[in-house]
Amino acid sequence: SEEEKRVQTAVMEHQRGAARLSQAEDSRSLVAYNSGYAVLSTLSKAVDGYPSGSLVGFATDEKGLPVFCFSAMSGHTKDLAKAGKAALCVTAKGFEGAADGRVTLIGDVKRCSKEEVEADGLKELYRAKHPNAFWVDFGDFTWYRMTELKAVNFVGGFARAGNPSPADYMDASVDPIQAFAAPVMGHMNADHSESTIAMVMHYIGLPQVEKAELVQLDRLGFMVQVTRTGQTFKLRLPFPRAAEDRKDVKTLIVQMTQASLSDEEVQAYLQELMEKKQAGEAAVEAA
C-alpha cells in the first residue's frame with residue numbers, strides 16, 4: 001500500500017542517518033571481543049599452489065593485530081615457515097550467519113624471537129584471552145604474530161561492508177561499552193521487551209512491531225532484531241548522544257523508554273499487544 005511505502009521510505013531515511021561506529025572502530029571492537037578463535041588461511045606447503053584453512057586461537061596486541069601460539073607439528077605452522085602470508089577471518093561473538101559481523105585481517109605473519117615474546121609480554125597477552133592455555137609453556141610451541149597489516153575486510157551484516165585502511169584500523173579504539181553489552185541486552189530482552197518495541201516505534205517510526213530484541217550494543221546505540229508482519233530484520237536504534245559508561249547506558253535507556261511510552265500511539269499499540277497476549281494465554285488455559 002501507499003502507506004506502507006511511506007513507512008519504509010521513512011525508516012530507510014532514518015537508518016541512513018543513524019549514528020554508528022566507524023568501520024575501523026567496529027572492526028577493532030569485533031576482533032577484540034571475539035571468542036579468541038578464528039579461521040587462519042595460509043598458503044599450503046603440502047598442496048602447492050592451494051590455500052589451507054585452520055581454526056586457531058589468537059589474542060591481539062595494542063594495535064589490534066593477532067598473536068598466536070602454534071605447535072610445530074601443525075600444518076599452518078609449516079605453511080607460515082614457507083610463506084608468511086596469511087588471512088585471519090574473525091567472526092563476531094555469537095556469529096550465526098550472513099547477517100552477523102566478521103572481519104578479515106590480511107598480512108604478513110612471522111615467528112617471534114624469545115626476546116620479543118618476553119619484551120612484549122606475548123605469553124601474558126595470550127593467557128589473558130585464553131586463561132586455560134597450558135600449552136603456551138610447552139617447548140614445541142612457538143609464537144607468531146601479524147607484523148604487517150596489508151588489508152582489512154569488514155562486513156557488519158547485510159548492506160554494511162567496507163575496507164578500512166590498515167592505519168585507521170590500528171589507530172581505532174576498542175568500544176568500551178561492548179565489554180558489558182551481553183548482560184544489559186539480556187536484561188532488556190528478558191524483562192523489558194515492551195520498552196524496546198516502544199523505542200523502535202517512537203524513534204525509528206516503524207508501526208506494528210510484533211517483537212524487538214537487542215542483539216548488539218555500543219556507545220552510540222543498539223542493533224535491534226525486529227519482527228513485523230511475519231518478517232524479521234535488523235535496525236539501528238541510536239542513542240541521543242554517546243554513552244560514557246554502564247551507568248550512562250542505563251540513564252539513556254530510561255530516558256528513551258520514558259519518551260517512547262509518552263507517545264499515545266505507542267501506548268495504544270502496546271495495550272493492544274498486551275490484550276492479545278492475555279487472550280492467547282486464557283485460550284491456552286481453557287483448553
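Start with the lining of the largest pocket: in this predicted model, domain 1 (23-172) and domain 2 (180-286) each give at least three residues to that lining. Colour those two ranges separately, since they are the domains into which the protein is divided. Taken over C-alpha atoms, the centre of domain 1 sits 36 Å from the centre of domain 2.

Now zoom in on the pocket itself. It holds about 1300 Å³ of space. Which residues lie nearest its centre? Select Asp100, Val215, Gln216, Met223 and Lys234, and you have them, out of 40 lining residues. Colour the lining by residue class and you'll get 18 nonpolar, 12 polar and 10 charged residues.

Next, switch to cartoon and pick out the elements around the pocket. Two helices, H2 (23-33) and H7 (181-191), each supply at least two lining residues, and so do the strands E7 (141-157), E9 (209-218), E10 (221-228) and E11 (231-238). Which of them gives the largest share? That's E11, with five residues.

Stay with H7 and add helix H8 (residues 193-204) to your selection. The axes of H7 and H8 are 5 Å apart and meet at an angle of about 95°. An angle from 65 to 115 degrees counts as roughly perpendicular, so that is how H7 and H8 lie to each other. To see what touches, show side chains for Met188, Asn189 and Asp191 on H7, then Ser193, Glu194, Ser195, Thr196 and Met199 on H8. By class, the residues of this contact split into two nonpolar, four polar and two charged.

Last stop: serine 173. Look for it in the loop between helix H6 (166-171) and H7. What does serine 173 touch, once you leave aside its neighbours within four places in sequence? Show Glu25, Arg28 and Ser29, and you have its contacts. These three fall in the stretch 23-33, which is H2, one of the helices you picked out around the pocket. To finish, draw a C-alpha to C-alpha distance from serine 173 to aspartate 248: the two are 19 Å apart in space and 75 residues apart in sequence.

Definitions and conventions: Residues numbered from 1 in each chain as written. Predicted model: local features only at pLDDT ≥ 70, side-chain atom pairs only at ≥ 80, totals over all residues. Heavy atoms only, no water. 1 Å grid on protein atoms, 1.4 Å probe; cavity = no way out; pocket = protein on both sides within 12 Å on 5 of 7 lines; lining within 4 Å. Points joined across faces, edges and corners; volume = space filled by probe spheres on them. Helix = DSSP H or I, 4+ residues; strand = E, 2+ residues; numbered from the N terminus. Nonpolar A, V, L, I, M, F, W, Y, C, P; charged D, E, K, R; others polar. Domains from an automatic or database assignment. Axes fitted to C-alpha atoms, helices over the stretch in contact; angles between N-to-C directions. Parallel < 35°, antiparallel > 145°, perpendicular 65-115°, else oblique. Contact = heavy atoms within 4.5 Å.
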